[in-house]
Amino acid sequence: MTEREIPEQYLDGCARILAEVSATGRRLTRDEIESRRVLGERAADAGHALRALVSAHLSAARAAWSTTPGSADSTLAAIQQVIDAFAEGYERAQLLAVRQEEAARREFIDDLLYGRSDLGRLAERAEHFGLRLSHAHAVAVAQAATAYDEADPVPRRVERALIARFGDRNILLTTKDGRMLCIAPGDQEDVLTHFAKHAYAATDGGRVAIGRPQPGPGGVVQSYEEALNALELAERLELDDPVLRAADLLVYPVLTRDRQAMTDLVLAALGPLTAARGGAQHLLDTLTAYFDSGCVGTEAARRLSLSVRALTYRLERIHKLTGANPADPAHRYMLQTAVIGARLLDWPAKEL
C-alpha cells in the first residue's frame, strides 16, 4: 500500500498541529495526543499498513515544513510526538485485535473438542481457522512432564517447523490442558508424523499419541479422545514407545469394555499369586517382563536384573500357584490377557 492510498481522514488535523507546535515550541496537549491515538486505532482497524501510514505522515510534515515558522528542532520534535501518538494507538488496536482473536480461537477449540456447539455453526467457524469439518480429520496430542500453554516457546517452535515443511495445509496447532495438539486433514498422515517427530524432540522424554482419522464435524472430537486414551493406556501399561497410534492399540479398549469380565479373569487367573511370599506384585512383574520380551527367558531375566535360574524359579512358582504354565502356548494367551487386565485395572495395588 502506497502513501497515496492512505485516506486523508487519518491525517486529519496533522498539518495544523505541526504548524502550531513547531511555531510555539510547546508540546502536544492531551487532547491532541489522544486524537492521534484514535486515528491510529481507526487506521489499524481499517487494515492499513503502519509503514505506509508513517510515510504519509512524513510527507504531510515535509509539505508543511516550508510554511512552518518554527525551528527545525521544534518541528522535528512535533513530528516525533505526532507519529509516536499515532503509532501507539495503532499498536493498541492491534494488540486488542490479537487478544480478541486469541479469545475466539480458544472458545472455538473448547467447543470443537468438547462438542458444545451446534455442529453447523461449528463448521462455519472452523473455516476461519483453516479447517473444513466436512472432511475427515485426525488429532495428535503431545504430552510432556511440564504443561504447555500458547505462550511457551516450544509450541511456537513446533508450529514453525510444520509451516516450514508443509506451508498452509489447513493445519491447526494449539494447546489444551497443558498438552500440544495438532489437527490435520485425515489424508495427510505425514503432517502428524512430522508434528510427532518435532514435538517428541521438544518434550524431553514426553510422548505423542495420534488418533485415527474420523469423518464429519464430530470427527475431531473422536480422534482427540482416542489420542488421549492412548496416552492414558501408555501410562498405565508403561509402554515405552514415544509415538503411539490409536489404531495399534484397539485391542486394549476391547479388553476393558466389559470391566466385570476382565476383573473375573484377573482374579481367577492371577488371584492365587497373592499367596506368594511378598505378595503378587513381583510375580506379576515377572510375567510382564516375560511376555514383553517375547517369552525369551534370557531377555526377561536381563530386564528384571535376575539370573536365568532365578527367573525359571519364579515361572515355576507361578505355574504351581495358578496351575497355568507361562511357557505353554495353551496357557500363555490367557495369562498374558490377565496380565494386561491387571495393569489396566491397577491390580494388585487396587482391590478388585
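In the predicted model, V208 of strand β4 has V243 as its bridge partner in strand β5, and this contact belongs to a parallel pairing in which three bridges join β4 to β5, the latter spanning residues 243–245. Strand β4 itself covers residues 207–210 and also pairs with β1, here in the antiparallel sense and over four bridges. Within that second pairing, R207 of β4 is the bridge partner of Q143, while I210 of β4 is the bridge partner of A140.

The side chains of β4 can be considered in the light of a general feature of strands. In a regular strand the side chains alternate between the two faces of the sheet. In β4, R207 and A209 point one way, whereas V208 and I210 point the other way, and all of these residues are buried. The residue that bridges to β5, V208, and the residue that bridges to A140, I210, therefore point in one direction from β4, with both of them buried under the cut-off of 20% relative accessible area.

Strand β1, which comprises residues 137–143, is likewise mostly covered, with six of its seven residues buried. In addition to its pairing with β4, β1 is joined to strand β3 (residues 179–185) by six bridges, and these two strands run antiparallel. A140 takes part on both sides of β1, since it stands opposite C182 in β3 and has I210 as its bridge partner in β4.

The cysteine C182 is buried, with a relative accessible area of 0%, and C14 also counts as buried, at 2% relative accessibility. In general terms, a disulfide is a covalent bond between the sulfur atoms of two cysteines. A search of the whole structure for such bonds finds zero disulfides.

Attention then turns to open space in the model. Rolling a probe the size of a water molecule over the atoms shows where empty space is left. The largest pocket has a volume of about 700 Å³, and of the 29 residues that line this pocket, the closest to its centre are R236, L237, E238, T288 and R343. Helices α8 (219–237), α11 (281–292) and α14 (329–344) each supply at least two residues of the lining, and the largest share, eight residues, comes from α11. By class, the lining of the largest pocket consists of 15 nonpolar, three polar and eleven charged residues.

Aromatic contacts were examined in terms of ring geometry. A pair of aromatic rings is described by the distance of the centres and the angle of the planes. The count for this structure comes to one aromatic pair, formed by Y290 and F291, whose ring centres are 5.9 Å apart and whose planes stand at 55°, so that the pair is classed as tilted. Y290 counts as buried at 6% relative accessibility, and F291 is buried as well, with a relative accessible area of 8%.

A final comparison concerns a residue of helix α4, which spans residues 72–114 and contains Q94. At 41% relative accessibility, Q94 counts as partly exposed, because this value falls between the limits of 20% and 50%. Q94 and L237 are 143 residues apart in sequence, and their C-alpha atoms are 48 Å apart in space, L237 being one of the residues closest to the centre of the largest pocket.

Technical notes: Residues numbered from 1 in each chain as written. Predicted model: local features only at pLDDT ≥ 70, side-chain atom pairs only at ≥ 80, totals over all residues. Heavy atoms only, no water. Disulfide = S-S within 2.5 Å. Buried < 20%, exposed > 50% of the residue type's maximum accessible area, 1.4 Å probe, protein only. Pairing = 2+ DSSP bridges. 1 Å grid on protein atoms, 1.4 Å probe; cavity = no way out; pocket = protein on both sides within 12 Å on 5 of 7 lines; lining within 4 Å. Points joined across faces, edges and corners; volume = space filled by probe spheres on them. Nonpolar A, V, L, I, M, F, W, Y, C, P; charged D, E, K, R; others polar. Phe/Tyr/Trp six-rings, centres within 6.5 Å; stacked < 30°, edge-to-face > 60°.
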